[in-house]
Amino acid sequence: MFQLQSSSSLARYATSSSIALFFNLHNISTSLHSRPFSSQNDDVETIFNILTTTPSNSLRASLKSTQILLSNDLIDKVLKRFRFSHQNPLQALEFFKLTGNRRGFYHSSVSLDTMLYILGRSRKFELVWDVLVEIRKKDQSLITARTVMVVLGRIAKVCSVRYTVDSFKKFRKLVPEFGVDCYNGLLRTLCQEKSMTDARNVYHVLKHGFKPNLQTFNILLSGWKSAEEAEEFFDEMKRMGVRPDVVSYNCLIDVYCKNREIEKAYKVLDKMREEDISPDVISYTSLIGGLGLVGQPDKARDLLKEMKEYGCYPDVAAYNAVIRNFCIAKRLGEAYKLMDEMVGKGLEPNATTYNVVFRTFFWSNDLVSSWSLYQRMRRSGCMPNTQSCMFLIRLIKRQEKVEMGLELWNDMVKNGFGSYVLVSDVLFDLLCIMGKLADAERCFLQMIEKGQKPSYVSFKRIKVLMQLVNKHEALKNLSVKMACIGSVSHVSQTDDCPIDSSSSELLPS
């Protein structure tokens with residue numbers, strides 16, 4: 001039978017206390033049935049494929065037939081699969097509701113935040129608030145400061161500062177503890193999605209309702225671009241009796257490095273040691289980036305050794321920064337050596353690592369090397385992201401390599417990585433230019449089957465070609481499917497969310 005894992009509200013986060021429940025819309029059975037062993041990754045793929053290919057009216061039966069036990073951890077992974085594959089958010093929401101509306105079962109806060117991110121990315125803000133209201137009724141403790149930041153992050157990306165702050169105030173009735181952590185979440189969102197001017201204004205407007213702490217100042221410090229202004233704010237923090245920590249100093253190092261003031265950055269490093277604050281891997285990674293900006297990739301590589309002498313060991317991000325420096329210097333041999341060194345030290349290159357090199361090959365118009373790197377990436381088990389795919393497909397289109405484009409697309413469809421909407425726009429353009437109408441139609445239908453709606457620009461281009469070759473039945477089929485599928489790629493403005501036309505919008509004092 002298809003089963004759910006649940007636990008009591010007091011101990012549901014402890015895996016040892018999970019209770020298996022049968023998946024049934026009306027009752028819960030406590031019987032357990034054994035099933036053949038399979039890895040959790042296989043289970044995730046099985047559930048994911050069912051959700052993205054099965055009609056709603058037969059979804060329950062299809063899930064029931066898998067005999068897969070849905071634990072909180074498995075649900076988290078399935079939702080993350082939706083997130084990174086840019087699949088239909090309504091399919092993810094249906095799964096979230098089916099698994100969450102069982103008596104005695106509680107979603108994890110990770111599942112909730114991932115679900116809200118998926119909906120917010122598609123600008124389905126009304127559904128976001130609906131989910132939050134339902135969760136508040138069942139278990140308000142799942143709504144955390146992180147939840148606030150996830151929701152506000154998606155809202156701030158497309159809506160005005162005023163609307164973002166108004167949305168923040170709505171959380172007063174939703175979050176169990178609406179305090180400085182939530183306030184900090186708002187400030188961090190504004191730093192990331194808007195501007196430091198907006199964040200500073202909101203900080204001054206709302207600070208009397210919250211007591212700013214070290215994290216508050218660290219958030220605002222992290223967004224500075226002007227070294228002089230960052231220094232002034234750093235001094236203000238100390239005047240208020242807030243003692244800087246490693247994060248505070250890292251923010252100063254970062255702003256100095258971005259402004260190519262490397263000597264000042266090194267002085268901050270010395271001051272940290274004087275105050276018995278040990279620089280961490282982030283401190284060194286910022287310095288590595290700064291050295292790259294001033295054309296000193298070799299000195300940056302030496303920092304990898306120096307940091308070890310102080311008991312700080314480089315991570316993937318630190319290696320990525322050094323690799324980026326050598327790519328900028330067009331010394332790709334050194335970059336590849338560092339990638340091999342990472343593997344030798346047990347650090348797996350991630351999508352960012354590969355994208356740094358992809359970018360270099362893209363600008364040098366080197367498709368052969370790009371494709372070779374892509375093959376290495378796939379062999380290593382590293383999943384390409386949207387940026388990886390876009391570097392490849394644009395280069396493929398530039399050189400009119402249809403077979404490579406189709407192979408990349410087939411990999412995406414099979415393994416569920418990258419944005420179908422963004423990649424398909426370039427791919428369909430290539431296929432239409434090369435007169436590969438049959439391939440364009442096949443890829444179009446594959447996209448529809450995955451719950452993704454192709455852009456109208458791509459549809460119109462294929463439509464014109466079909467009309468020219470009198471493929472009226474095929475065109476009618478595509479037109480019907482375009483009309484029926486939910487609008488995933490097309491993003492519309494919500495009724496009560498004003499689209500931000502100026503990132504410098506200020507709040508009234």
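At what angle do helix α22 (residues 402-415) and helix α23 (residues 420-433) pack, and how far apart are their axes? Keep this question in mind while the whole chain is on the screen, since the tour reaches that pair in its third stop.

**Before selecting anything**

This is a predicted model, in which local features need pLDDT of at least 70 and side-chain atom pairs count only at pLDDT 80 or more, while totals for chains, interfaces and linings use all residues. Residues are numbered from 1 along each chain as its sequence is written, and side-chain values use heavy atoms, with hydrogens and water left out.

**The whole chain**

Colour the chain by secondary structure, and you should find 26 helices and three strands; here helices (H or I, at least four residues) and strands (E, at least two) are DSSP runs, numbered from the N terminus. Of the 509 residues in the chain, 50% are buried, where buried means under 20% relative accessible area, exposed means over 50% and partly exposed lies in between (1.4 Å probe, protein chains only). If you turn on the surface, about 24100 Å² of the chain is exposed, and carbon and sulfur atoms supply 51% of that area, as computed by the Shrake-Rupley method with a 1.4 Å probe, with only the protein chains shown counting as cover for residues.

**First stop: α1 and its surroundings**

Select residues 40-53, which form helix α1: its 14 residues should span 20 Å at 1.5 Å a residue, and its end C-alpha atoms are indeed 20 Å apart (the expected span is 1.5 Å times one less than the number of residues). Show the side chains of D43, V44, I47, F48, I50, L51 and T52, which are buried. The buried residues of α1 pack against several elements, including β3 (69-70), α3 (72-85) and α24 (437-449).

Next, pick R81, which is found in helix α3 and is buried, with a relative accessible area of 13%. Leaving aside residues up to four places away in sequence, R81 touches V44, E45, F48, N415 and G416, a contact meaning heavy atoms within 4.5 Å.

**Second stop: α4**

Now select residues 89-100, helix α4, against which the buried residues of α1 also pack. Nine of the twelve residues of α4 are buried, so this helix is largely enclosed by the rest of the structure; among the buried ones are P89, L93, F96 and G100.

**Third stop: pairs of helices**

Here the opening question is answered: α22 and α23 pack at an angle of about 155 degrees, with their axes 11 Å apart. That makes α22 roughly antiparallel to α23. Axes are lines fitted to C-alpha atoms, for helices over the stretch in contact, and angles run from 0 to 180 degrees between N-to-C directions; angles under 35 degrees count as roughly parallel, over 145 as roughly antiparallel, 65 to 115 as roughly perpendicular and the rest as oblique. To see the contact, show residues including W409 and M412 of α22 together with Y420 and L427 of α23.

Move on to α13 (residues 246-258) and α14 (residues 262-274), whose axes come within 7 Å and cross at roughly 165 degrees, and which are therefore roughly antiparallel to each other.

Finish with α24 and helix α25 (residues 456-468), whose axes come within 11 Å and cross at roughly 140 degrees. That makes α24 oblique to α25. In this pair L437, A440, E441 and F444 of α24 meet F459, I462, L465 and M466 of α25.
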